Structures are given as structure tokens and as C-alpha cells.
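Subject: The structure I promised you

Hi,

Here is the structure we talked about, sequence included. Have a look at it first, then read my notes underneath.

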Amino acid sequence: MTGWLIKGASILGRERADVLVESGRITGMGADLAAGDATVVDADGQILLPGLVDLHTHLREPGREDAETVASGSRAAALGGFTAVCAMANTDPVADTAGVVEQVWSLGRDAGLVDVQPIGAVTVGLAGSQLAELGAMAASAAKVRIFSDDGHCVSDPRLMRRALEYVKAFDGVIAQHAEEPSLTAGAQMHEGAVSARLGLAGWPAVAEEAIIARDALLAGHVGSRLHVCHVSTAGSVEILRWAKSKGWRVTAEVCPHHLLLTDELAGSYDPVYKVNPPLRTADDVAALRQGLAEGIIDVVATDHAPHTLEDKECEWSAARPGMLGLQTALPIVIHTMVEPGALDWDGVAERMSRTPARIAGLTEHGRDPAVGGPANLTLVDPAARWTVVPSELAGPSRNTPYSGMTLPGVVTATFLHGRPTVLGGKLTESAS
Ligand SMILES: NC(=O)N[C@@H](CC(=O)O)C(=O)O
Ligand SMILES: [Zn+2]
Ligand SMILES: [Zn+2]
């Protein structure tokens, strides 16, 4: 098998080097490497990053293949520069048994565009009353390490405690959708001045913050790992700061949409802006950016949540919450964090590759380009701009909130285990 010579890329925004990729590994790095039999990829002016890793992706299979499949979501992921995604468990049937997580895992392997790491449900059927077979999922071929009832909160504190205790045996982590359900009954958007003006029922910040505080205390108490999904409020950042100061094993993610968009958009009554947790205020956006820059928020995760036209193009209250995210995540991070100077390219690698890989236990991902290391790589042209056209995105769903926006950063190539899944900004022949 001949290899690939990535020529002249800036490695994590620093020195320029040629990178030779052969048989899945990086076999050479340095100035002016000879191409030999390898195919040259001109990377002048481009940034080479470790392949991006998403801790929070909804692939909808099994059950809602009309919105997304493992294969279509894998295409979106590769185009977005991802080499690994963690597939959320809120499918139909729910990924709460070894059988379902193994099915998702093997569908990912068949698609072959990104490593699909299934997340297992915490409770049977996401119903919140009985622990799922966590041990069987961990021992399965899918080797599940992250468990989440995402879409629902594990709201019973005793059950949450037991789940945290249980996963310690295999260094697992509970990823919590932090939403106290009794405070969000009927909620349609962020509770605040805009919801009062629009007359829509609100989702108060405290519904998120109360659960994060409780779960941080529980994780500290039992010495286990907690990961907080889609943090969306300034108060949550303060609670995380406090939890980390205690030395507790708490990590957190923020979604690109919460780094850019605000609750004012609900005034359009366009359900494309409906999401859980909801878009918050400009002050929250500023605090989330600051928290991400400081590392109080450890990672960016997409919460890629495809929905069909029927589920989105209806009245606001009937629409499902969630937005597409895989193909726009890196551009939104460049726009909100890199261009304003809040994060450099090493910071992007840390928040979108190294740390998510470590949290998920994916040892072949999240590693900086180095000779002998795995060739899971993303090449991005930071100067190029593109305009988001929903119909041009991968997959059957169209629910992007960025339609018509021109964003910085084009993923020109993605390499998965040494094989390009994307070249010239397009899925490779063998990959499409
Ligand atoms: N984020 C959302 O608004 N929706 C997610 C569920 C979730 O992440 O809570 C979905 O599955 O559609
Ligand atoms: Zn959620
Ligand atoms: Zn989600």
C-alpha cells in the first residue's frame, strides 16, 4: 500500500513540516521529505490537527433512520474533521443492552469513515428507574465506557449515585444531561426576559445548575467520574470551577451553538433554534467562552441532533429540540474562540481532540502528530470561508441554525487510520 505525504502543513499552528503516512501510522515528519511512492497532499497554509473527537453525537440508528443513520452521520463527521464520535444511547430501541451497543459499533465499522464509539444508557429504556446492564455493555465488543440517559436527566439521586459507583470498576464515566425535570415541565426556551416577552414557558438556569451541583457532590463523595453534557449557563461554569477546585473528577462540555447563539433567536418562532438545553443570554455565551478558554469547560462537543422536516418544520411547541452540528463545529469554534484570540490551535486540539479522546478512553485518538503514532488527522484551511447551505450538508436532515452564514475554516482532509476519508474538502471516492 502506498502512502500519503502531507506537505508543508503547520503542525497545530506551529512549525511547518511534511508528514508521511503509511499503513495507518505516521512514518516520517520533517522538512522536505521525499514523496517516493506516496501521493502528495499540498497543505501549504493549512493547519494539521489530531483528528477531532466528538463526545456527543446523535446518529439515530436504530429507529430513526429517516433523520440520520450511522453511515450518513459518519459522512457528516468525516467532513467536519472528526475521526471518532461517541453515539448517544437515545435510539429506538434504546442502547441499554450489549446487543444494541454492539449493533451500533458494527454499523460504524461497516461505514468505515469514523470510529463510532457507542454510549450506553444509564437506565433501562432511559426511564430513570432501573440501572441498565452497564457491566455487560462495558464487557461487550463495543467496550462501552461512557453511559448517559441524554435527552433525559438521571434525576433520582440514589440511582445516580449507584451508577457513579458501578462504573468505577472499569473506569467508566456517567455523562449527565443536567435538567431537573420538575423545574422544566412544559419548557420551550430559556426562562428570562425574552421568554416573558414571547409568552413561552421557560427553562430556568437553575434547573441545569442544581443538577450539576448535586452530581458534582455525588461524584466527589464516591470518588467517581462525572461528565456534564452541554453546559449552557454562566452559573454552571461557576459550579464547575468550584467542583474542580475540590479536586473532584468532573469534566464538562459546551456545544458550538451555545458559544454563538442566544435566546433572542426564539423571537423568530423558527423551531430550528429550539434545543435542549435552550439557547441562553449573551452573558451566558460570554461566560461559556471564558470557561472554555480557561479549561473550566474541558471540551467542545457537538450534540449533533438531526431531525426530520416533519419534526422541525411545525409550530415551535410541537417541534423536537436539537440541531445539526458535526459539519459546523470546527468553523464555529474558529469563529467564536480562535479568531477573537481566546484559543490557539493547540487549544483547539486540546478541547476538540486530546481531552475528549481521554475522557472516552480512545487511545488511538487525540494524539498529536508524531512519528510512530496513529494517523488520525485533520487538515484545515483556516483562511478559507464557506457558506452553510442546508441542502448541501451530509445526511437527510436539514436542521442547521447556521443556514446562510459564512463561516471560517474548511476541513480539506481527514485521515482515519491512515486512509483519507476526506480529500480536497470532499468525501473520497472509496468513502462516499
Ligand atoms: N439536544 C437536544 O435538543 N436534543 C437531543 C437530546 C439531548 O441532547 O438532550 C436529541 O436527541 O434530539
Ligand atoms: Zn441532552
Ligand atoms: Zn444530546
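One definition before the rest: when I say helix or strand, I mean a run assigned by DSSP, with at least four residues for a helix and at least two for a strand. Also keep in mind that this is a predicted model.

Let's start with the annotated domain. UniProt, in an unreviewed entry, lists residues 45-234 as "domain: Dihydroorotase catalytic". That span is 35% helix and 17% strand, and its end C-alpha atoms are 36 Å apart.

Now the binding site. Which residues does the UniProt annotation "binding site" cover? The unreviewed entry gives His56, His58, Asp150 and Asp303. In sequence they span 248 residues, yet no two of their C-alpha atoms are more than 9.8 Å apart, so they gather at one spot. His56, by the way, sits in strand S6 (residues 52-57).

Then find ligand 1. Among the residues surrounding ligand 1 are His58, Asp150 and Asp303, which you just met in the UniProt annotation. The shell also includes Asn90, Gly151, His177, Val275, Asn276, Ala305, Arg320, Pro321 and Gly322. Sorted by class, that gives 3 nonpolar, 6 polar and 3 charged residues around ligand 1.

On to the helices. Two packed helices are described by the angle between their axes and the distance between the axes, and there are two pairs to try this on.

The first pair is H4 (residues 157-167) and H6 (residues 205-222), whose axes come within 10 Å and cross at roughly 45°. H4 and H6 are therefore oblique to each other, and their crossing is right-handed. On the H4 side the contact is made by Pro157, Met160, Arg161, Leu164 and Glu165, and on the H6 side by Arg214, Asp215, Leu218, Ala219 and Val222. The residues of this contact are 6 nonpolar and 4 charged, with no polar ones.

The second pair is H6 again, this time with H7 (residues 234-245). How do H6 and H7 lie relative to each other? Their axes come within 9 Å and cross at roughly 10°. Angles under 35 degrees count as roughly parallel, so H6 is roughly parallel to H7. From H6, the residues Ala205, Glu208, Glu209, Ile212, Ala213 and Ala216 meet Gly235, Ser236, Ile239, Leu240 and Ala243 of H7. This contact has 7 nonpolar, 2 polar and 2 charged residues.

Have fun clicking around!

Cheers

Methods: Residues are numbered from 1 along each chain as its sequence is written. Chains are lettered from A and ligands numbered from 1 in the order in which they are written. This is a predicted model: local features need pLDDT of at least 70, side-chain atom pairs count only at pLDDT 80 or more; totals for chains, interfaces and linings use all residues. A residue is near a molecule or strand if its C-beta atom, placed from the backbone, lies within 6 Å of it. Ala, Val, Leu, Ile, Met, Phe, Trp, Tyr, Cys and Pro count as nonpolar, Asp, Glu, Lys and Arg as charged, and the others, Gly among them, as polar. Axes are lines fitted to C-alpha atoms, for helices over the stretch in contact, and angles run from 0 to 180 degrees between N-to-C directions. Angles under 35 degrees count as roughly parallel, over 145 as roughly antiparallel, 65 to 115 as roughly perpendicular and the rest as oblique. A crossing is left-handed if the near helix is turned anticlockwise from the far one by less than a right angle, and right-handed if clockwise. Two residues are in contact if their C-beta atoms, placed from the backbone, lie within 7 Å. UniProt positions are given in the numbering used here, feature names are shortened, and annotations may be inferred rather than shown by experiment.
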